[in-house]
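Biologist: Could you take one part of this model and go through it slowly with me, in words that a first-year student can follow? I would like to hear about the empty space enclosed inside the protein, and then about whatever helps to place it in the chain as a whole.

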Amino acid sequence: MTFASHQDSSGGLDAPILSISGRIVDVGPQAFRVSGLSPFVKLGDCIGCPGENGEEFGEVVRIDSDWLTVKPYGNRFTRGVGSPARKIGPFAIAPDTSWKGRVLDAFGRPQDDRGPVVTGMEMRAVDAPPPPALKRGRITKPVPTGVRVVDLFTPLVKGQRMGIFAGSGVGKSTLMGMLSQAKGFDTVVVALVGERGREVREFLEETMDGHLDKVVTIVATGDESPMMRRLAPRTATAVAEYFRDQGDDVLLIVDSVTRLAHAARDVALAAGEPPVSRGYPPSVFSELPQLLERAGPGLEGSGTITGIYAVLVDGDDHNDPVADSIRGTLDGHIVLDRAIAEQGRFPAVDYLKSISRLADKAWSAQERELVTRLRAMTSRFEDTRDLRLLGGYQRGNDQTLDQAVDLVPHMYDFLSQRPDDERSARPFDDLSATLKRVMTPNKDKPKGR
């Protein structure tokens, strides 16, 4: 006898042939309680509550000896005390290759008015474990994104997990949209978590225009319940795992992980967990690594999942508990700085604070040396900014600073890039050519800025 959930052709949950039922004994604003099912369920199982207007669903977030605490997926739960509730089982989806080009909700139900989705042949749990560590493939293949500042200072490798850390309004979503157009990926899976409703269509019709045939979009907007916002990135990861196991190189984009953490916090508090760090219960900090570890290379011989995760830094505090926890889990981080954005430089990447832990897989020895020198030069330029503004800088006293003053502003101009600008296929060659053009007329008589 099995109680695992399965889907109908519309992507929704369907009833199992046999089920175990209980009764709702208490209904609150955040959760409801069910009696009679405690011996038969596990944390994370789905509970269905049938009624005249269809079935409403929730997830088990706490199990006591006499009742379950269930958090509903909908914003409004309409069932009352005494209503029946049945066990469905672990939530699972059945992806199919025809899902490319579709827009789905966290349940896998279509949102794009293009008819029902095709149910795949294999059910996949949304909370699947990552591949065994010693059986995963090695990360070896760099992937150019065409975004100059990324390819130069924080290059991506297929199977890498990279975070984009930024405050609100600094260009985080725009940069992720630019990265989503990188060539070399067979499939792109996008999870829009807690986004504004209007941004979904803008992202699909503007950012992904011309690439939608290989994009699966999972959407849970900011007006949806915390349960749907918590489920969306898990569903997107399960879809990415399906295509990875088919041999595809998948780009998984989650915007944003912080809103996932906010949703997980609401769920954990409803389950009775105490807050331990800025209002976040302990389970939030264990749930995030479990999700992030599922990205990366698959089993030897299968495809890869390259993860790009947006992290909304609350109050521009990069030591926020969620940001700090995620930064330690990922394979690198790109930091966007509000001060750079205010100067009109986009993408507003602070490459002195950004790092790719797998950069050596993409750089040659010469490129590594060049990047090291450029970082040192930029650091010297920024450290002396106040001194130069006050008139305390005199050319000729420090050759390194003289060179930085001549070159760094031109390098900033080179790194500025709009979403519709031409992509750079060979960024190191282009940067070298730019710097040579700057230095050639000033070779005999350098001119400060």
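Modeller: The residues that line the largest cavity of this predicted model divide into seven nonpolar, one polar and one charged. By name, the lining is made up of Val-149, Arg-345, Phe-346, Pro-347, Val-349, Tyr-351, Tyr-412, Leu-415 and Ser-416. The volume of this largest cavity is about 70 Å³, and a search of the whole structure finds one cavity of 30 Å³ or more. As for how such a space is found, rolling a probe the size of a water molecule over the atoms shows where empty space is left.

To place the cavity, it helps to know that the chain is divided into domain 1 (21–90), domain 2 (93–362) and domain 3 (366–435). Both domain 2 and domain 3 give residues to the lining of the largest cavity, and therefore the cavity lies between them. The C-alpha centres of these two domains, domain 2 and domain 3, are 31 Å apart, while 19 residues of domain 2 are in contact with 21 residues of domain 3.

Some other parts of the chain show what being buried looks like. Leu-156, which has its place in strand 13 (residues 156–157), counts as buried because its relative accessibility is 3%, where the cut-off for buried is under 20%. Not counting residues up to four places away in sequence, Leu-156 touches Pro-142, Val-143, Thr-145, Met-162 and Ile-308. The C-alpha atom of Leu-156 is separated by 38 Å from that of Val-60, and the two residues are 96 residues apart along the chain.

Thr-304 is found in strand 19, and with 12% relative accessibility Thr-304 also counts as buried. If its neighbours within four places in sequence are left aside, Thr-304 is in contact with several residues, among them Lys-158, Gly-159, Arg-244 and Asp-248.

Strand 19 (304–312) comes up again with helix 6, whose buried residues pack against strand 14 (161–166), helix 4 (226–245), helix 5 (257–270), strand 19 and helix 7 (321–329). In helix 6 (residues 282–292), the buried residues are Val-284, Glu-287, Leu-288, Leu-291 and Leu-292. They cover an arc of only 125° around the axis, so they are on the same side of helix 6. An α-helix has 3.6 residues a turn, so residues three or four places apart point the same way.

Definitions and conventions. Residues numbered from 1 in each chain as written. Predicted model: local features only at pLDDT ≥ 70, side-chain atom pairs only at ≥ 80, totals over all residues. Heavy atoms only, no water. 1 Å grid on protein atoms, 1.4 Å probe; cavity = no way out; pocket = protein on both sides within 12 Å on 5 of 7 lines; lining within 4 Å. Points joined across faces, edges and corners; volume = space filled by probe spheres on them. Nonpolar A, V, L, I, M, F, W, Y, C, P; charged D, E, K, R; others polar. Domains from an automatic or database assignment. Buried < 20%, exposed > 50% of the residue type's maximum accessible area, 1.4 Å probe, protein only. Helix = DSSP H or I, 4+ residues; strand = E, 2+ residues; numbered from the N terminus. Arc of directions from axis to C-beta. Contact = heavy atoms within 4.5 Å.
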